[in-house]
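The exercises below ask for a careful reading of helix packing, burial and backbone geometry. Each task is followed by a solution that goes step by step.

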Amino acid sequence: MSDGSVDIQHEARAKAYAEPLETLNPAQPELFQNDAHWPYFDRLRSEAPVHYTPESDFGPFWSISKYNDIMAIDTNHQVFSSAKGITLPSLEAEAEMNKRPTRSSFISMDPPRHDEQRKTVSPVVAPANLQRMEPVIRERAGLILDNLPIGEEFDWVDLVSKELTAMTLATLFDFPFEERRNLTYWSDMMTNAPGHGPVTSWDQKRDEVNACFARFTELWNDRVAREPQFDLISMLAHGEATRNMDQLEYYGNVGLLIIGGNDTTRNTISGSIFALNRNPSQYDKLRANPGLISSMVSETIRWQTPLAHMRRTATEDFEFGGKIIRQGDRVVMWYVSGNRDDEVIENPNAYIIDRARPHMSFGFGIHRCVGNRLAELQLTIIWEEILKRFPVVELVDEPTRTHSIFVKGYETMPVVIPRRS
C-alpha cells in the first residue's frame, strides 16, 4: 500500500469513528472509490450490526453488516422482498427513473414469477453447457494473453478483464462478436451516474441505454422468427414463462444479464491481479502450486466482493437484531462487510489463497447468483493460462476504482509483464 493510501485509510478511520453512530452513513461512493469504506463497516459490525441511517444522498435505509444477519435477510424473501428493486439508488437517480416506466427483471421479482423466469435462462449456465463452453473460453483467454505487450505498461482492465467477459457474454447472447465491446459500454452506462465512467449526463445515459434496448429488440425479433437456439435471447423469446413478457420486462432482463455477466467477473479478474501484487507471498504460493487456483478464485471473490450490496424492502413490520424494521423500509445487505466478519471468517482482512472458508459474494436463497459457476470458470481458466505464460504480472501503480456503492471494481489498472515464461 502506498503512503497516500495509508493516509486515506487513517483519515477514513478517524472520520468513521468521529461521526455520531445515529447518523453514520456507509453509502458514500467516494468512500468506495478511495478504498476508504472499511472502517465504516468495522464500526457497524462492532457497534450496530443492524443500523438505520435516517438521511443520505440515497435516502433513509437500514444497514445489515454481519455475515449471519445478511444470510437471514437474504433467505427470507417473504418479509424482505426484491420487488421494489435490488440496489440502493441515489435520490437523483430515483427521480430520473420516476420520469419513465420502470423496467423489472426476474431478480426484482418475488415467486412465482421470479422462479419461472430464472428457470427459463438457467440452462445456459448449467454444468453441461459450461463443459461445452470451457474450450471456447480457454481458446479466447489464450488469444487475449498472447497478444499482450511484453515489457510495456498497459491497462489490465481494458485489455484482459473487459475483453474476456465481453467475449463470454457475446457467446451467451449469441450477440454479434464484432460488436461485443458494446456490451461492456452499455453495462458501464447502466451502472454509472453522470460524471463517472462513460456517462456525461442523464440524457446521454438514457439515449445510450435506449440504443442498447433497440439493438436487443432486433435480436429478439430475429430469434422469435427462428427455431429455438441455446442462447439467452432465444431462451427468453421461446420460453413458456417469458415469450409473452412485455417489452419493458424484456429490457429489464437484458439489463440484468448484461450487468450480471460483465461487472462481477471483470472486476474479480482485475481484483486477483491487485490482491496477488499486494500479497506477494500468496503470489509466490500460487506460482509454486497452480493447484491452488480454485481456492484462490474463491478467496478473490470474497476479498474483492465485486457487488458491494443488495437491497430488499420490508413487506411488514419485523423485529430483527433488536430493532423494528417497518413495512416499506429499505434494507441494505452489505456483502462487502459480511465478507470481512471475523465471527465467521478468521483473519478476514488477510488474503489467503488456500483458505477453505465461505464467502457471500453470490448471495443466498432464491436470488443466489445464477451465473456463479460461469464466473468461477472464467476466473479459473484465465489464471491457468496466465501461469502457463507469465512468471509475473506486475502492478505498477494504484488502480483507479469505480465511483459506486454497488459495483465494487476498477476503472483502470496499470501493469507490466516483464517477460514470458
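Two residues are in contact here when heavy atoms of theirs lie within 4.5 Å. The model to which this cut-off is applied is a predicted one.

**Exercise 1.** State in which strand Y410 lies, and find which residues it touches, not counting residues up to four places away in sequence.

*Solution.* Begin with the placement: Y410 lies in strand β11, and at a relative accessibility of 4% it counts as buried, the cut-off for that class being under 20%. Next, list the contacts beyond four places in sequence, which are V157, N267, S270, G271, F274, Q304, P399, T400, R401 and T402. As a last step, consider a pair that is far apart along the chain: Y410 and S201 are separated by 209 residues in sequence, and their C-alpha atoms are 21 Å apart.

**Exercise 2.** Determine how α12 and α14 are oriented to each other, and which residues make the contact.

*Solution.* The axes of α12 and α14 are 9 Å apart and meet at an angle of about 100 degrees. Angles of 65 to 115 degrees count as roughly perpendicular, and α12 and α14 are therefore assigned to that class. On the side of α12 the contact is made by N267, T268, G271, S272, F274 and A275, and on the side of α14 by M296, T300, I301, W303 and Q304. Sorted by class, the contact of α12 with α14 has five nonpolar and six polar residues, with no charged ones.

**Exercise 3.** Carry out the analysis of orientation and contact for α12 and α13.

*Solution.* Helix α12 covers residues 247-278 and helix α13 covers residues 280-288; they pack at an angle of about 110 degrees, and their axes are 5 Å apart. That angle makes α12 roughly perpendicular to α13. The residues in contact are L276, N277 and R278 of α12, together with P280, Q282, Y283 and L286 of α13. By class, the contact of α12 with α13 has four nonpolar residues, two polar residues and one charged residue.

**Exercise 4.** Decide where on α13 its buried residues lie, and name the helices against which they pack.

*Solution.* First identify the buried residues of α13, which are Q282, Y283 and L286. Viewed down the axis of α13, these buried residues fall within an arc of 105 degrees, so they line one face of the helix. Finally, the helices against which the buried residues of α13 pack are α12, α14 and α16.

**Exercise 5.** Check the span of α14 against the expected value, and then establish how many of its 12 residues are buried.

*Solution.* Helix α14 runs over residues 293-304, and at 1.5 Å a residue its 12 residues should span 16 Å, a value with which the 16 Å between its end C-alpha atoms agrees; the expected span uses one less than the number of residues. As for burial, α14 is mostly covered, with nine of its 12 residues buried. Those residues are I293, M296, V297, E299, T300, I301, R302, W303 and Q304. What covers them includes α12 and α13, as well as α16 (372-389) and β11 (410-412).

**Exercise 6.** For T305 and D174, give the phi value, the loop and the degree of burial.

*Solution.* As background, most residues other than glycine have a negative phi. T305, which comes just after α14, has a phi near 50 degrees, a positive value in a residue other than glycine. T305 is found in the loop between α14 and β5 (310-314), and with a relative accessible area of 0% it is buried. D174 also has a positive phi, near 50 degrees, and its place is in the loop between α8 (156-173) and α9 (181-191). The relative accessible area of D174 is 37%, and this residue is partly exposed.

**Exercise 7.** Is S81 buried or exposed, and how far is its C-alpha atom from that of G328?

*Solution.* S81 lies in strand β3 (residues 80-81), and at 6% relative accessibility S81 counts as buried. Along the chain S81 and G328 are 247 residues apart, while their C-alpha atoms are separated by 9.8 Å.

Methods. Residues numbered from 1 in each chain as written. Predicted model: local features only at pLDDT ≥ 70, side-chain atom pairs only at ≥ 80, totals over all residues. Heavy atoms only, no water. Axes fitted to C-alpha atoms, helices over the stretch in contact; angles between N-to-C directions. Helix = DSSP H or I, 4+ residues; strand = E, 2+ residues; numbered from the N terminus. Parallel < 35°, antiparallel > 145°, perpendicular 65-115°, else oblique. Nonpolar A, V, L, I, M, F, W, Y, C, P; charged D, E, K, R; others polar. Buried < 20%, exposed > 50% of the residue type's maximum accessible area, 1.4 Å probe, protein only. Arc of directions from axis to C-beta.
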